[in-house]
Amino acid sequence: MLLVSRVENADMFALYFLGKPSSIYDKDNPDWAPSQKLGYDCNKVKESSQERYNRAQERVEKRRRSEGAIALMELSKAAMEETMDAGVTVEELNCKACQTDITSEYFTELIQNEETLKKENAALKEQLKQNSLSQDSFEEDNDKVLFYTGLPNWTLVLCIFNFVKDLLQSKGVLSPFQKFLVTMIRLRLNLSGRDLGYRFGGISDSTVSRTFLHVVDVLYQRLKPLIIWPNRDVLRKTLPMDFRKYCPNCVVIIDCFEIFLDRPLNPLARAQTFSSYKHHNTVKYLIGCMAWSSWSGGCKECGQSRRRVGPPEMNSLRVKSVKLNLTLQVKCHVKGFPTPEVNWTKDGKLLDTKNMLKLNQVSYEDAGQYTCSAKNSEGKMEAAFQITVTGPPEINPQLKNQSVTYNSPLQLNCSVSGFPKPEVLWTKGGEDLGKGNTLIIHQVRFKDSGRYTCSAKNREGSKKSTFWIRVTGIDGGWSEWNSWSICTKPVRGIQTRGRECTNPEPAYGGKHCDGTRALLRECSNTSICHEEFPLRFKTKKNPSVGGMEIYTNSSWQKLCTSQWDEADFNSTCMAMGYHKNGVYANETWYAERENVSETSIYQSCTIPTTCEKNLAKKQQFCKVPVRLNGANVEYGGRVEVFYKGKWAKICRKGWDFDDVKVICRQLGFEEALAEFISSDVKDEGIPFVMSDVSCKGDEPELASCARVDGKLNISRQCLSDGKSSQALCQPMNKKVLDKQELFFDIGSNGELRCSIHNETSYAGWTINGQRANSTSQRIRTKETGELFIYKVQLSDAGLYECYKLEYVQFYIVYVNAKFTENTLDNQTLTADTSGIISCSAEGEPSPQISWSKKGGNSLDPRRFTQVSNGGLHISPVKPEDNGIFICTMKQTKGANRVTSNDKNILVTVIISPQITKPPIDQSVTEGHSVNFICRASGVPTPTLVWIFSNGDFPSDISQTDHDGESLLELPSVTKEMKGTYKCEAKNEAKTTSSSATLRVYGKFNDNDNDDYDFDDNDDENKGDDNMEKGTHMKIKP
């Protein structure tokens, strides 16, 4: 028995003492025990105990190493200090005589490792703080608070925790705050117990479960009083609008839902909680909530309102209309808990973060779509609406006066703002030009000058912008310089070159080119002077007589031409556009000289500008070639002059018989016959280059007469008239027996008698160089030699020749001039427009028309222009143009006969009506009286007429007119009278109008009235539709 007992004891000890025996003093060892077995099976070691032991051992070893490192660092530091105190250097410490293996590098490495460990330790602490779920990690991170707990900020979390912490158990692994936090996280994120265990230091699932159940019970006990269920009447009063409409008796919204739970161990509980369609054990809940809750109560512990948690709710916002420059306030009524964050945006741009949006001095830029968005932790809601800004039209920028070049395109833009969209109308001097923001004139003419108005109108008002358009001519520009002329002499000759003002050519009164048109330099057959001098021809009344001047030493100085020959004079005259012996070719003139060298060697030279006194007074004379062209005879036709290398014509302004004498003399004829030949002289469209010729009659040639040369100097009257000067000279190869001048009126009968005709010798007749037509019924010749004209016409004027062999007899037939029928004694023009006073005359030669105004007032050429038919164009017409204008008709007929007649024309300037006091919009309640007043000005005084948009006026409406003012009285307003009342002002110039709207409100409590009420009470609940500052608007129900 004893042996057996010993064997059993041996087995027992063998079972206990497995592996290395435990130290009797190592109480931290999980295998340590004060006795043997004590009724437990000790052959197994729990896995958790083994892990706990290993962790303890690791902590001991880490602490031992850390303490050893710290001790070693302190020893090394002390040793270094003693060595330094003894005067031992670092190099000496490194020597072999130091009797130690520790060097300074080793200590330096230890110090660096220490600094690195400190930094790593601080970074790990910060990272641990961020990743941990401690109280410190939540204090400054509201996003973290919202994510883990669902509460908006740390203050509210701390408030609720302080409210319940006195009931939370303080014992256990977790602190009271950690227990509260575990519960909030599980409620918010529905994390499993094991997940929460890992997050809070490795606690077990059971600890998490016990903590959750405990804290939930505490929250229920403490927060239960915050849940208030109002009575039925209160619930109905706080129902939302949609519930009031569709479910007015609703007091509670109920719902049933299930929550999965673990399988209970109790069979009865297992059976009661099992869901056949979920195939799982669940807990079933029935929940009820109010449709609307605005209840709140004080909470002493946290200072927060007790509200129902939920997403934001807000009222709907309607389209709003506000007048320009007023103040608009719109409130976004937002509810929800936690308190939502409100943002106002327009087209995605943030405007404000308050419930009330306020727009001061509303402009058109404020119109658009606005959005009020509310957001909290439970959700987000938005409400959008449209704001329209109404206001009278504005024209910005204002249109300004403009100068436009003749014949150029013109586009005028009238930039108009306003709502409703204004209607834009263009007018010129009261004449409608069209509608739209843009007015286009493709080719501007002088008649387009005047005052223009852009008018914009909508129901809120009207606006005008008035400006002037002035049509100007085309300004000239210089062409390129042409080639130098050939040197005039082998020694001390000259060369000239020129350019023309043709790029572009000035037209319609445009500015001439600025600068010199010709250059001059000295030359010889072997050299050319390097210096060029601007050249001009200084003349007075006669442009062919004067002195050549060059610009040198900053002034114009007269050239000394005492050593010049004919070639020099011709060269400079040709540079001025005149010509004698030279030949034009390719726009360059060349002197007809031989043996001229083309060698060009630049040298320094000067042009003489000083002469003896008697030589300095000598004038240079530049000739003008002339010819007759365009007729059937060589001794008559259109007078043409050769100027600047081309043949051109002379304006007939001032042309008379004395001028014809000079032309005939220059061309070699014996004498002049008439200042015209006929009305059918061909005009080949050549330009005018000369006008205002004033010869005395005894000059040898045209170049000796006073005149105006140059295309750019031709008056607008000549250009518009288009008729050139004519001349009829006595032929040199005929014997003229007689010359007679005959004068006939239009429509009269004329008879011409030929004295060289007798019974046995017949003579023939030619009319303007053509044989008389024997078959003509209106112009017939008789056997006795007479020529008979039946009912004289303008075309009958001209040269009639009765001839036989070399003998001829001339008859010059003139048709007396008279005013035409469209020249009225009384004519009317409209102020601020362009107009024409008509005056025309007919006769042959064509009479010349001139204008003046009675009273001696001169006519401003900037406003008054004579047109081709003789009329006077005025732009713009002004009120002071009232009065008598004198149209003078002048006709020259031969050497000694000039007739002149005046026509007095009474011009009346009428002024378009302008509404100076337009009717204004009015609003009135039924039964009250209303008056509309309209006042207009104009000459003559305009007539005022009222037009009602809905048809005829009711019988009790009266109209009273007096001196340009009209009063429309509505004694007792009815609904049928609402509408638009238009006042039209009309006189001979035009008709203009202005309208006003009458709004008729129904009587108080009238259900048909759909207008607005205004409440001056500044209640924020009435601020949704605030249209004006301090005024709230609401729609009547």
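**Following the cysteines**

At 6% relative accessibility, Cys573 counts as buried, and its disulfide partner, Cys622, is buried too, at 0%. Keep in mind that this is a predicted model. In it, the sulfur atoms of Cys573 and Cys622 sit 1.9 Å apart, and the link is left-handed, with -80° about the S-S bond. Cys573 belongs to helix α14 (residues 566–575), while Cys622 is in the loop between β30 (620–621) and β31 (626–629), so this bridge ties together parts that are 49 residues apart in sequence.

That's one of 10 disulfides in the structure. Another joins Cys664 to Cys729, with 1.8 Å between the sulfurs. Here the torsion about the S-S bond is -90°, which again makes a left-handed link. Cys664 comes from helix α16 (residues 657–667) and Cys729 from strand β37 (residues 726–729), so the parts being tied together are 65 residues apart in sequence. Cys664 and Cys729 are both buried.

Now for a right-handed one: the Cys695 and Cys705 disulfide has a torsion of about 115° about its S-S bond. Its sulfur atoms are 2.0 Å apart. Both cysteines lie in the loop between β35 (688–694) and β36 (706–709), 10 residues apart, and both are buried.

What about Cys247 and Cys289? For Cys247, the closest cysteine sulfur is in Cys250, but at 6.0 Å that's too far for a bond. Cys247 is partly exposed, at 38% relative accessibility. Cys289 is in no disulfide either; its nearest cysteine sulfur also belongs to Cys250, 8.7 Å away. With a relative accessible area of 34%, Cys289 counts as partly exposed.

How values were computed. Residues numbered from 1 in each chain as written. Predicted model: local features only at pLDDT ≥ 70, side-chain atom pairs only at ≥ 80, totals over all residues. Heavy atoms only, no water. Disulfide = S-S within 2.5 Å. Helix = DSSP H or I, 4+ residues; strand = E, 2+ residues; numbered from the N terminus. Buried < 20%, exposed > 50% of the residue type's maximum accessible area, 1.4 Å probe, protein only.
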